[in-house]
Amino acid sequence: MDYKNIKFEIDAPVAIVTINRPEVLNALNADTITELEHCFDALAEAKQVKCVILTGAGEKSFVAGADINELNTDTVITGKNRCLRGQMVFSKIENLPKPVIAAINGFALGGGCELSLACDIRLASENAKMGQPEVNLGIIPGYGGTQRLARVVGPGMAKKMIFSGDFVRADEALRIGLVEAVYPLEELLNEAKKLAQKICTKGPLAVTYAKQAINLGLDTDLKSGLAFEAEAFGGICGTDDKNEGTGAFLEKREAKFEGK
């Protein structure tokens, strides 16, 4: 597929996906959602990729929200369908069997904040502003914001942000746990790459299983989460990567994982 609204590059073992509509602050329209779906389907199958960075083009915006021209024409039926489509694509990102790091370079509003919430780790630039301002348009978040934001920052803070439509700056986003780190804009992408490269040195099966266990645990009770963790741990113990990792530690050498 030829991409019009995103850039997709692989510098193995890291892939960088860039929302590339800087003239509209990288706003998400239906075509961009489709391109993201295709891209992340391809990344799921790309064996040379172990970690993904998701960012926006330019210095002003990660993603400033959805395309208001499209939202303006929605009816009860088309609005629900738009919501379900976006939720499905963002869930693919959330459940990609590889870590996804959001490099939030400026505005992450509405659908942009929701997109970052579907990622595993969020790093922000000092000029970042995040929020769910949909109530200003008379609507609510529809790409997972009412669900994921509460899981990340707690229900009270999520309600404060969503009900008021207020933005939070990078330092406040860090304080409330909405992002994991804040960097100067010019250092953001390099810091994301450094973290991605570090993750790529670890056992890829272990990272995948850990991601699955954490995600499942957030959506179920503790007993079920612990049961899944035990199954995953047992499965990992039957892999070549486990033998390589423990053997390398005992032999005081660097492990060479092959994802087997």
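Phe-90 is buried, and Tyr-143 is buried as well, in what is a predicted model. These two residues form an aromatic pair with an edge-to-face arrangement, in which the ring centres lie 5.3 Å apart and the planes meet at 75°. Because Phe-90 belongs to helix α3 (residues 76-94) while Tyr-143 sits in the loop between β8 (129-131) and α5 (145-153), the pair ties together parts of the chain that are 53 residues apart in sequence.

The structure holds two aromatic pairs, and the other one brings Tyr-3 and Phe-8 together. Here the ring centres are 6.2 Å apart and the planes stand at 75°, which means that this pair, too, is edge-to-face. The surroundings of its members can be read from their accessibility: Tyr-3 counts as partly exposed at 23% relative accessibility, and Phe-8, with a relative accessible area of 29%, is likewise partly exposed.

From the rings we can turn to helix α10, which runs over residues 222-236. Its 15 residues, at 1.5 Å a residue, should span 21 Å, and the C-alpha atoms at its ends are indeed 21 Å apart, so the expected and the modelled lengths agree. The N-terminal end of α10 is capped by Asp-221, which places a side-chain oxygen 3.1 Å from the backbone nitrogen of Lys-223.

Which residues of α10 are buried? They are Gly-225, Ala-232 and Ile-236, and, seen down the axis of the helix, they fall within an arc of 40°, so they line one face of α10. The cover over these buried residues includes α9 (204-218) and α11 (240-250). On the face of α10 that is turned away from the buried side, the exposed residues are Lys-223, Ala-230 and Glu-231, so that Lys-223, whose backbone nitrogen takes part in the cap, is also found among the exposed residues of that face.

The cysteines remain to be considered. A disulfide is a covalent bond between the sulfur atoms of two cysteines, and a search of the whole structure finds zero of them. For Cys-39 the reason is distance, because the closest cysteine sulfur, in Cys-119, is 12 Å away, too far for a bond. Cys-119 is itself in no disulfide, and the cysteine sulfur nearest to its own, that of Cys-51, lies 10 Å away. As for their surroundings, Cys-39 counts as buried at 0% relative accessibility, and Cys-119, with a relative accessible area of 5%, is buried too.

Note on methods. Residues are numbered from 1 along each chain as its sequence is written. This is a predicted model: local features need pLDDT of at least 70, side-chain atom pairs count only at pLDDT 80 or more; totals for chains, interfaces and linings use all residues. Side-chain values use heavy atoms; hydrogens and water are left out. A disulfide is a pair of cysteine sulfur atoms within 2.5 Å. Buried means under 20% relative accessible area, exposed over 50%, partly exposed in between (1.4 Å probe, protein chains only). Helices (H or I, at least four residues) and strands (E, at least two) are DSSP runs, numbered from the N terminus. The expected span of a helix is 1.5 Å times one less than its number of residues. The arc is that of the directions from the helix axis to the C-beta atoms. Contact means heavy atoms within 4.5 Å. A polar contact is a pair of N or O atoms within 3.5 Å; within protein, one must be able to donate a hydrogen and the other to accept it, and residues adjacent in sequence count only if both atoms are side-chain atoms. Rings of Phe, Tyr and Trp (its six-membered ring) pair if their centres lie within 6.5 Å; planes under 30 degrees apart count as stacked, over 60 as edge-to-face and the rest as tilted.
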